[in-house]
Amino acid sequence: MSDNRNYTILIVDDNRNNLFTLRTLILQHLQTNILEANSGQEALSILMTECVELIILDIQMPEMDGFETASIIRSIQQTQHIPIVFLTAAYKSMEFQTKGYSIGAVDYLTKPIDTAQLVNRLHLYLRFIENEQQTHVLEQRVQERTAELAKANDYLSEAYGELEQLGHYNELILETVSDGICSFNLLAEITFINPSAAQMLGYSTKELVGQPACYLFCQHTGVNLQDAFMNAPFYQAILKGHTYESDNMLFYHKNGHTFPVDCALIPLEGSDNKAGTVLTFNDITKRKQAEHMLTEAKEKAEQANQAKSNFLANMSHELRTPLNAIIGYSEILEEDIEEIETYLEDKTVCLQDLTHIQNSAKHLLSLINDVLDVSKIESGKMDVINEQVQVSALLNTILEQSMSLAIDKSNHLNISDVDDSLYLYTDRAKLNQILLNLVSNACKFTDHGEIWMMVSTIQNAGKDWLCFAISDTGIGMSPEQQQNLFNIFTQVDTSTTRKYGGTGLGLHICKQFSEIMGGYIEVDSELNIGSTFRVYLPFMSEQTEI
């Protein structure tokens with residue numbers, strides 16, 4: 001019995017002297033808590049509120065004797081486990097034993113009390129109680145642990161079922177996926193291969209498991225398999241458990257033909273180190289065929305485009321020669337008519353006809369020059385010749401060249417003030433052609449309106465730019481019409497082509513020239529309000545190259 005444990009003993013006796021004697025004897029030899037009751041009813045009341053380890057119960061008590069009290073104690077679940085020791089007179093002990101034990105007593109003590117016997121019995125009772133309690137605690141712990149183990153077992157069973165189901169799902173995925181999947185150990189032996197991979201290679205899965213990789217991927221090369229495959233990067237990656245990717249490998253089919261694959265090797269990590277590799281691959285024969293066809297089509301398209309460019313260049317040169325002759329002879333005739341003495345009316349008619357011939361020939365020559373520019377741009381033969389350009393002088397030239405176009409449509413052509421000291425290092429001819437084209441378009445699509453040419457310097461992304469802006473109050477464009485504005489042979493719509501003419505080359509050439517010169521072009525426009533085209537060119541010194 002533990003010396004540190006204080007037990008509670010309930011003494012029940014209607015004789016206060018007996019209570020005092022028992023209490024004194026017990027406390028002299030044991031460290032316990034003593035509770036006292038003068039009757040069975042009082043004992044039952046105490047048991048309902050106190051925790052008691054042992055009951056010493058006198059049999060002969062008025063109203064409710066010890067047997068009746070013990071019976072009630074044994075009938076209550078809260079108290080039925082408490083050991084009961086009956087007190088009885090010596091002359092009646094044998095008479096009460098049978099009845100007492102049947103009720104549930106554990107022992108008898110006779111009066112008068114023998115001190116040594118009492119102390120020894122109490123030690124025995126309390127040791128027994130302690131053992132019972134420890135046994136009860138152990139049983140409770142065993143029950144708790146058993147419940148925990150049962151719960152853990154249920155969890156493991158559930159987890160095992162889920163794992164088994166997951167394994168089944170994975171197996172189904174591997175069997176149904178269209179990609180070829182196989183695994184190798186570090187000896188480059190196949191440890192797993194799915195049906196798709198085996199089918200692509202012309203084998204069954206049973207034929208391939210356990211085979212070396214070199215047997216599989218160079219079986220029909222006609223050389224020593226090990227030597228042919230040993231030094232290949234693919235084989236080395238398998239042996240070392242490294243990652244490897246390629247879209248230019250050939251695998252061998254069982255019947256001997258090769259097919260291109262897109263493959264990837266991924267190392268398998270084991271508990272201690274690399275355990276092998278997993279290979280995924282796809283037969284890309286159709287993709288390679290499509291790429292080959294695309295390459296051939298691209299080459300044919302480039303050849304056709306080159307032939308077209310050469311044809312346009314040759315035709316442009318061929319057409320320019322007779323056109324120049326027509327223009328030249330018309331100018332000579334104009335001079336001759338000025339010198340001829342004839343009727344004024346006939347002379348005026350002839351001059352008007354010659355003017356029409358010259359204008360038509362110059363327009364046709366301008367179209368031919370545009371076609372020639374496009375062919376040079378597409379063939380990559382358009383050269384950039386940079387020089388110092390005085391911006392104010394260039395704008396005045398554009399103004400002079402465009403003034404007649406503005407007057408024809410009753411437009412007012414304005415030019416912003418530009419400092420004569422402003423110079424731009426660029427290709428003068430191409431910039432002149434861009435601005436003249438934009439101003440001509442503004443005059444063409446504007447009636448009785450205003451046209452402005454403005455120049456400003458801006459900085460964007462740490463770079464200096466010179467911006468040429470051409471604005472008008474003409475017909476403008478919708479957002480949908482602006483989307484294809486700079487595409488070749490494209491105009492806003494067919495109605496503008498019929499009304500205003502044009503081939504759709506001008507703005508395309510402006511865009512290409514701007515980009516060749518290191519800049520770009522953009523437009524802001526609103527239908528029936530007007531348009532503003534802005535050309536941005538790098539504001540470079542003479543030493544800067546595009």
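**Group meeting talk: a walk through the predicted model**

Hi everyone. Let me start in a loop: H448 sits between α14 and β14. This residue is not a glycine, yet its phi is positive, at about 50 degrees. Is H448 buried or exposed? Its relative accessibility is 65%, so H448 counts as exposed, the cut-off being over 50%. Please keep in mind throughout that this is a predicted model.

There is another residue of this kind, S410, in the loop that links α13 to β12. S410 is also not a glycine, and its phi is positive, near 55 degrees. With a relative accessible area of 41%, S410 is partly exposed.

S410 comes just after α13, so let's step back into that helix. Helix α13 covers residues 391–408, which makes 18 residues. How far apart should its ends be? At 1.5 Å a residue the expected span is 26 Å, and the end C-alpha atoms are indeed 26 Å apart, so the two agree. Even so, α13 has a kink of about 45 degrees, and the centre of that kink is S402.

S402 is also one of the buried residues of α13, and the others are V391, S392, L394, L395, I398, L399 and A406. What do these buried residues pack against? On the strand side, their partners are β11 (387–390), β12 (412–415), β13 (423–426), β14 (450–460) and β15 (463–472), and there is a helix too, α14 (428–444).

That brings us to the largest nonpolar core, which has 39 residues. V391 is among those with the most contacts inside this core, together with L431, L435, L438, V455, F468 and F533. The elements giving two or more residues to the core are α13, α14, β14, β15, α17 (506–516), β16 (520–526) and β17 (530–538). Which of them gives the most? That would be α14, with seven residues.

If you'd like one residue to click on here, try F468. Leaving out neighbours within four places in sequence, F468 is in contact with V391, L395, L424, L431, L435, M454, V455, F533, R534, V535 and L537. Apart from this core lies another one, of 25 residues, including F184, M200, L201 and A237.

Now over to the sheet at the other end of the numbering. Five strands make an open, parallel sheet, and the order is β2-β1-β3-β4-β5. The edges are β2 (32–37) and β5 (107–111), each pairing on one side only. From one strand to the next, the twist averages 20 degrees.

Looking at β5, five bridges join this strand to β4 (residues 84–89), and the two run parallel. Within that pair, V85 stands opposite D107 of β5.

Two helices go with this sheet. Helix α2 (residues 40–49) packs on the sheet and touches β1 (7–12), β2 and β3 (54–58), with its direction at about 135 degrees to that of β2. Helix α3 (residues 66–75) lies across β3, β4 and β5, and it runs at about 175 degrees to β4.

My last stop is T32, in strand β2. Although β2 is an edge strand, T32 has a relative accessibility of 11% and therefore counts as buried, the limit being under 20%. Who are its neighbours? Not counting residues up to four places away in sequence, T32 touches N6, Y7, I9, I26, L27 and L126.

That's my tour. Thanks for listening!

Key: Residues numbered from 1 in each chain as written. Predicted model: local features only at pLDDT ≥ 70, side-chain atom pairs only at ≥ 80, totals over all residues. Heavy atoms only, no water. Pairing = 2+ DSSP bridges. Helix = DSSP H or I, 4+ residues; strand = E, 2+ residues; numbered from the N terminus. Axes fitted to C-alpha atoms, helices over the stretch in contact; angles between N-to-C directions. Contact = heavy atoms within 4.5 Å. Expected span 1.5 Å × (residues − 1). Bend = angle between axes of the 7 residues up to and from the residue. Buried < 20%, exposed > 50% of the residue type's maximum accessible area, 1.4 Å probe, protein only. Core = buried A, V, L, I, M, F, W, Y, C linked by side-chain atoms within 4.5 Å.
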